[in-house]
Amino acid sequence: MDFDDTPDEAAYRAHVRQLLAEHEGELLRSQPGKEAPDARQQEAELRRTQRVLAEAGLVGVTWPRAHGGQGGTLVQQAIVQQELARARVPALINHIGIGMCGPTVIGHGTEDQKRRYLARLLRADDVWCQLFSEPASGSDLAALRTTAVRDGQDWVVNGQKVWTTLAQVADYGILLTRTDPSRPKHAGLTMFVVDMHAPGVTVRPLRQMSGGSGFNEVFFDDVRIPDSERLGEPGEGWRVALTTLMNERVAIGGAGSDIGLPVEILAAHARERLPRLEPERQVLARQAVGRAVVASLATRYTGYRRFTVLSQGGVPGPEASAGKLAGTAAGRLVADAGVRLLGDDAVYAQTADGDDTWARSQAGMPGIAIAGGTDQVLRNILGERVLGLPPEPRSDKSEPFSGAAR
């Protein structure tokens, strides 16, 4: 495929740049190595930034116009992402809502749910999270134990989720539960929209080795969810979840977006730091940077090929797993090369002026390798669904599930 902009794409890119220039004073800018002094203030600024971008038509680019989107193409979405990165605008606070939760509501929600939730999601009036993984069911998601029991017009939910990104600031989430433990594990699941401020919902941030607390564990103690907040029919939760998962892998790395720090930031870092290194260290650092650049650009351009398929009416499939798998490996190479360029400063996990960008990126990459499907699970998906290799024999797909807590 041709990676240069077509005339229409060039015009759209110019339009995006003009919009960003017009709203320059209203947007939060990334400051590498400098963290906001107050988490609440940072959250408010991120919400405001997304609201400004949404009002400018730069959020939900590929969403249908009927649901508040722009009805644009995936190539246009990529252009917006590239221009936001160029302008140093941080990742949207509601990226999980836009890339995963929103498409699930669009695909399986009622008209009332779409009316109540989607416009507010795009503007970050409401931030969303995805409540899937549990302590005993991460890679084997269908083995989840969180239960939802029908009680009149409500469902009563009990259980625990873990590794939930943005739960600490989320207003709503999509929650996968077990509603019929007598059926095989994939068949007894049901999905709901849950109010994260409802009585009985407890969020506990998990401190990571990077110093951040982006992941959380979430507890549900007799949480009542109206039946009107169900997504899909009872027992169809796995089908609904597949919509989320396919969109998740495209959002994380299946459509040309960088995982971790963009390679352009590494290139700028190399230009600054390489001359400071001793000659023998320069050789190793140049090799590390070269490997990282090649891996990152190969992943990016392979993702753009996925754009072509999706833009022609294709749907996200198992091939997106390859993008996430390769993107994670490339992200690790970028982070490792960035730390190597620090030279002796790497001992202190930051530069002499206190910039810890590369150390934080390196420490965060193991978590990225788990989020959205572990490397091992993604390899299984590629082997079975893309290469056609025979799966391992499994009886748990046909036997009644017996692990749900009563």
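In this predicted model, the side chains of Arg-150 and Asp-227 pair up in a salt bridge, with N and O 3.7 Å apart. The two partners come from distant parts of the chain, 77 residues apart: Arg-150 sits in strand β2, while Asp-227 belongs to the loop that runs between β7 (215–226) and β8 (230–231). Their surroundings can be told apart by accessibility. Arg-150 has 41% relative accessibility and so counts as partly exposed, whereas Asp-227, with a relative accessible area of 14%, falls under the 20% limit and is therefore buried.

That pair is part of a bigger tally, as the structure holds 28 salt bridges. Another of them joins Asp-171 to Arg-47 through their side chains, at 3.1 Å from N to O. Here, too, distant parts of the chain are linked: Asp-171 lies in the loop between β3 (154–161) and β4 (172–178), and Arg-47 lies in helix α2 (residues 39–55), 124 residues apart. On the Asp-171 side, relative accessibility is 13%, so the residue counts as buried. Arg-47 comes out at 12% and likewise counts as buried.

A further salt bridge brings together the side chains of Lys-185 and Asp-140, with an N to O distance of 2.7 Å. This one ties a loop to a loop across 45 residues, with Lys-185 in the stretch between β4 and β5 (189–195) and Asp-140 in the stretch between β1 (128–131) and β2 (147–151). Lys-185 keeps a relative accessible area of just 3%, which means it is buried. Asp-140, on the other hand, has 32% relative accessibility and counts as partly exposed.

Turning to the helices, α1 (residues 7–22) and α3 (residues 74–86) have axes that come within 10 Å and cross at roughly 40°. The two helices are therefore oblique to each other, since that angle lies outside the under-35-degree range that counts as roughly parallel. As for handedness, α1 passes α3 in a right-handed crossing. On the α1 side, the contact is made by Glu-9, Tyr-12, Arg-13, Val-16, Arg-17 and Leu-20. The α3 side puts in Val-75, Gln-76, Ile-79, Val-80, Gln-82, Glu-83, Leu-84 and Arg-86. Sorted by class, this contact is a mix of seven nonpolar, two polar and five charged residues. Some of these charged residues also turn up in a network of salt bridges, which links Asp-5, Arg-13, Arg-17, Glu-83 and Arg-86.

Two other residues round out the picture. His-67 is found in the loop between α2 and α3, and its relative accessible area of 17% means that it is buried. With neighbours within four places in sequence set aside, His-67 is in contact with Ile-106, Lys-114, Leu-118 and Leu-122. Arg-178 has its place in strand β4. At 1% relative accessibility, Arg-178 counts as buried. From Arg-178 to Asn-158, the C-alpha to C-alpha distance is 10.0 Å, and the two residues are 20 residues apart in sequence.

Notes
Residues numbered from 1 in each chain as written. Predicted model: local features only at pLDDT ≥ 70, side-chain atom pairs only at ≥ 80, totals over all residues. Heavy atoms only, no water. Axes fitted to C-alpha atoms, helices over the stretch in contact; angles between N-to-C directions. Helix = DSSP H or I, 4+ residues; strand = E, 2+ residues; numbered from the N terminus. Parallel < 35°, antiparallel > 145°, perpendicular 65-115°, else oblique. Left-handed = near helix turned anticlockwise from the far one by under 90°. Contact = heavy atoms within 4.5 Å. Nonpolar A, V, L, I, M, F, W, Y, C, P; charged D, E, K, R; others polar. Salt bridge = Lys/Arg side-chain N within 4 Å of Asp/Glu carboxyl O. Buried < 20%, exposed > 50% of the residue type's maximum accessible area, 1.4 Å probe, protein only.
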